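User: Could you take me through one part of this model in detail? I would like to look closely at how pairs of helices pack against each other.

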Amino acid sequence: MSLALNELLICCRGIEHERATERKKEVERLKRLIRDPETARELDRASSCRAPRQLTWDAVFRFLRKYLQKETELLQAGRANVSASTHTSRQKKAQDLSSLVKYFIRCANKRGPKLKCADLLSHVEDVLRSSFTCAAYGEDCSSTLLKDVLSVHKYWSEITSQQWESLLDVYCGLFNKASRSINRVLLSRIIHAVVQGCCRQTDGLSHTLFTFFCRALSNTRVEKQLAVVQHLISALNVFLRSVATNSRRRVCRLGEELLPSILYVWSQMRPNSTLKQEMVEFFNLQVCVHHPKGARTPETGALAEDWGKWHSHLYSLYDELVAEISHISSRGKYATGSRHIAARENLIMLTADVCHQLFCQDLRVEVQDTHSGSPQGRKRRRVELGWDVLRDRLQPQLSDFDMIPWLQVTAALISKYPDMLAAHELPPLLSLLYQLLGEQRCHGERGPYVLRCLRQVALCQVACSGKSQAGLVELGRLWGRVWVLALRGVSSAQTEALCLELLATMVQGSLVPMDREFWKLFSGAVCKPSIASALCLAQAMCRSSLPQAVYSREPCSSSPSVLGEADGPAGLREGIIDWFLTKEQSDDMDDSTRHHPVISSDFPLNLVPRILVALMLKDSVSGLLYLKGSVQLQPFHCADQPVLDPSGVLTEVQALYLQFSFDDTVSGSSAAEDRSDACWEKPQLTVIGPLRRRLEQGLQDVASHLLNSPPGSVSPTHMLRGLTLLTGVLGAFVTVRLLTEEDACQNPLFQKAKALAQDFSDYVSSCRTRLLETHVLSLLKSVMLHCSQHVSLEEKDSVSTVSRGLLMKAFPARLLNELSDMCKVMLSSSGKGDGEVGEDQPEEDTQLTRTHVDNQPEEVDLFDDGDGAHPSSSGTQKSNAEDSQHALRAQSPLSEDHLDEQDLAFLSVLRFLSLCVCVDQDRGLAFRVLDVRRRVLKLLDLLDGTKPLHLHMYLILLKELPAEEACLTAEEYCVLLRPLADACSLYRQDQEVCASILMALLPCIHSLGRQQRPPEGSEEMDNVKGMLLKVVSGFCILGKSGRCSSAVRSALGHCLRALLETLAVSGQSCR
């Protein structure tokens, strides 16, 4: 034992001295020693190596616990009837003892978690289970639990199901007893954190939590601190999401019991915006569980414990939502300066869901006022429903503040439930929206919302086109007027994209015949090429041949030998090609800084090449339909819907509910299939020679401009866009059988593509010495994501497949070698300097007083750590949250919050490299696939599973390397799977990470099943499969013992299913 530790051991024994002066001296000495950097390093070293008979942080903590216990017994043994000064002295003594323990825990864990989680939890429970110690130390102890235990991932993972249950029982009991020992806001924050842990790490405790939330939130009317309500409702939402799959009826029952109390908080207690968001999430969750995907009746999948009570709650909720939207409008009217008028999307979507349930009921109903405390004192109020109410709120004379939220509601309602808009409701609603659109120049802020609403009405009419509709003539006349206004709106920067989306939707549904004014948009200066304009043009070209002329100065006829009789003259086609490929002219800009429109925006994958090649085909309609294959060109109908369920949990749960509804009807929210987009099977395509030459010349000009621009004037993003444009066009040439893939590699356009790839490689080489610059890392990440999108195997259509192969052939070997070296450098340098923690003293210090303590004989060996120790994770888990914030929770290693800009750039480069090495070398690539793959796998030699970046890296390699086209050798599989067992062992207690690892194994399982069994390498491949099966079987054992959550068991089920499928296909057997 070192001198420093020996001195500390003497000090620890000294705090048990019988004399008060000696104890006081030793306590001050103890504080000084644990602050000392040398002593802290020695304790860290001893705690890590777990050498026998060495003083560790855990041993010192046990000394402190014994000291605390003895001092507490002395305080508790004192007389009850004492003077005020004596009582104050005792309180100060208790505070000093509590501060000493808290100070020691933060010193010990300053450089990472060193103390045992079980000891810390045992200390917390010992303090809280006694009324005296709870009153004396409970608040400090709970604060330490929240900030220094529940916010540390290592501790979070080590807490067992029994410990989570024990914590839940203790703190829920304290909350229900209205204990004054601990601040209720702190109690609610800890309950929030514990509920998150229970839901993420366990499957049980649902009965306890159902009972607790029912009792705690039923009394919200008398809760004085809204922060308490906020934390509890947030915890409730976490809990309900986790149990919605298996406890649907109990979730419904709880919601029906709590909804009146929560509505009271909404309407009467003036909650802040954060609390309102939590309540909106609760309302939305209840609507989804009661009415999955809008189901209205039990036969179609709806469920309620008490239908009468639930419908009454829905009416009350609708009434409050209407009042909230009106309140938002009134706030906007009287606010000074600029103010965002629109309501939050989650509030709008909730209002739309409630309207969908109620608009089919009576148009006017009476509901009880839930604001009164007793049922006898509640008044009845009239609530008006129906489309008439919506139209009344969209009258032109209303202000933008009053109208815009209801335009949002109308658009959301029609978007989610198109069947709800009856045929007789279409003409009056469309007429009103047309009137609003015509007045948008006077009321400019409402214009975009009117356009979004009109597009949803158009999609609704298309979806219901198979049904009998009244007033088709009137609808056609109205759509014709809307068409004219939308064409005019394209010239406005504020509404250009929305007008183009509306026009594309009308074209998709054949609501209005396309005229010359429409085609002029794509051959003049009205609008520039953009995502919206390109998609609109593609939609039009899929449904109509090009007109003969759009400008009077164009000739009305042309040579039949060139164009044929079925299509218009080359003038319009040339105009569209020039619209994409001609560089904009401006006297205010230098020629080298002006770029061609086609590389100035990020277009959907290979959309522009498909359009350009279709323009040079005689039958452009058949050509574009064939080139696009199964790719959807019209994503507008889902672009505006917000992502309210990013994890997809509610979507999966609703789909599960509907599987048991015994209802075979198709959901009304799904749009009708667009039969005109059917894929054409190898049509006879004729190329127009002059247009092909014009297209190739335009592409040559684009490439030459990029290549000949002064150094530094062309960004790598523009280089990549030009490169993928060229390979995309060549891929389309190969698809229409204009060239073979071998001829495409000899084409001048491909040589330009290779030159651009070389310039891009030069840029990447220059980045290697500038990896500390934030803007360089951000740009590198962006271009790597762009590259990954174009080399990904997700798109299976012919154009994407061929262009992907050509792009890979254009990449020089130097590019991938540089990226491989760059990955090694970034991985080696990641996190340097971040994990070092200064030796500064923690903010809290303690002043201790002494009292006499009886010396008791030793009963346990303080050096016996029992269960051993685990290596501490790198870095210090910090928490600076204040009491007013949400409860803390340990960040998952999978969270990107752990990653800096360099880490994100590294992962984007790694994914691109992994995609590049998933092909065969026989494709004529400039780089050696095996060498690059070996370099990528070599990164696993640096793997440190405790670091979040390394975990992300390993998951990417597991997912991407065993791709469909890849054929890894047994040796490569061994390198890839060698760290698997260690990673699973390290994170075996983190259910979220375990589930992610199991899901990442699916590509490996499928890849091993596809590979034929080589006779010479059968033994090595059997070893590989054994490594994989060993991990899967380990999780099976954990699952049988009840140590896996439902998420892990679900991922394990996917792995077992994949194993059975691959074994069945290959005819192999497995024990």
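Analyst: Happy to; here is a walk through two helix pairs, followed by a brief look at the nonpolar core and one further helix. Please keep in mind that the model is predicted.

Let's begin with helix 32 (residues 716-735) and helix 34 (residues 748-767), whose axes come within 9 Å and cross at roughly 155 degrees. Since angles over 145 degrees count as roughly antiparallel, the two helices are therefore roughly antiparallel to each other. Their crossing is left-handed. On the helix 32 side, the residues in contact include Met 719, Leu 723, Leu 726, Leu 730 and Phe 733. Helix 34 contributes, among others, Phe 750, Ala 753, Leu 756, Ala 757, Phe 760 and Tyr 763.

Now compare helix 20 (residues 447-463) with helix 22 (residues 496-508): here the axes come within 9 Å and cross at roughly 10 degrees. That angle makes helix 20 roughly parallel to helix 22. This crossing, too, is left-handed. Leu 451, Leu 454, Arg 455, Ala 458 and Leu 459 are among the helix 20 residues that meet helix 22, where the partners include Leu 498, Glu 501, Leu 502 and Thr 505.

Turning to the core, the largest nonpolar one holds 343 residues, and Tyr 171, Trp 479, Phe 518 and Phe 580 touch the most other members. Leaving aside residues up to four places away in sequence, Phe 518 touches Trp 483, Leu 487, Leu 503, Val 507, Cys 536 and Ala 540.

Finally, helix 4 is mostly covered, with 15 of its 21 residues buried. At 1.5 Å a residue, helix 4 (residues 57-77) should span 30 Å, and its end C-alpha atoms are indeed 30 Å apart.

Notes:
Residues are numbered from 1 along each chain as its sequence is written. This is a predicted model: local features need pLDDT of at least 70, side-chain atom pairs count only at pLDDT 80 or more; totals for chains, interfaces and linings use all residues. Side-chain values use heavy atoms; hydrogens and water are left out. Helices (H or I, at least four residues) and strands (E, at least two) are DSSP runs, numbered from the N terminus. The expected span of a helix is 1.5 Å times one less than its number of residues. Buried means under 20% relative accessible area, exposed over 50%, partly exposed in between (1.4 Å probe, protein chains only). A nonpolar core is a set of buried Ala, Val, Leu, Ile, Met, Phe, Trp, Tyr and Cys residues joined through side-chain atoms within 4.5 Å. Contact means heavy atoms within 4.5 Å. Axes are lines fitted to C-alpha atoms, for helices over the stretch in contact, and angles run from 0 to 180 degrees between N-to-C directions. Angles under 35 degrees count as roughly parallel, over 145 as roughly antiparallel, 65 to 115 as roughly perpendicular and the rest as oblique. A crossing is left-handed if the near helix is turned anticlockwise from the far one by less than a right angle, and right-handed if clockwise.
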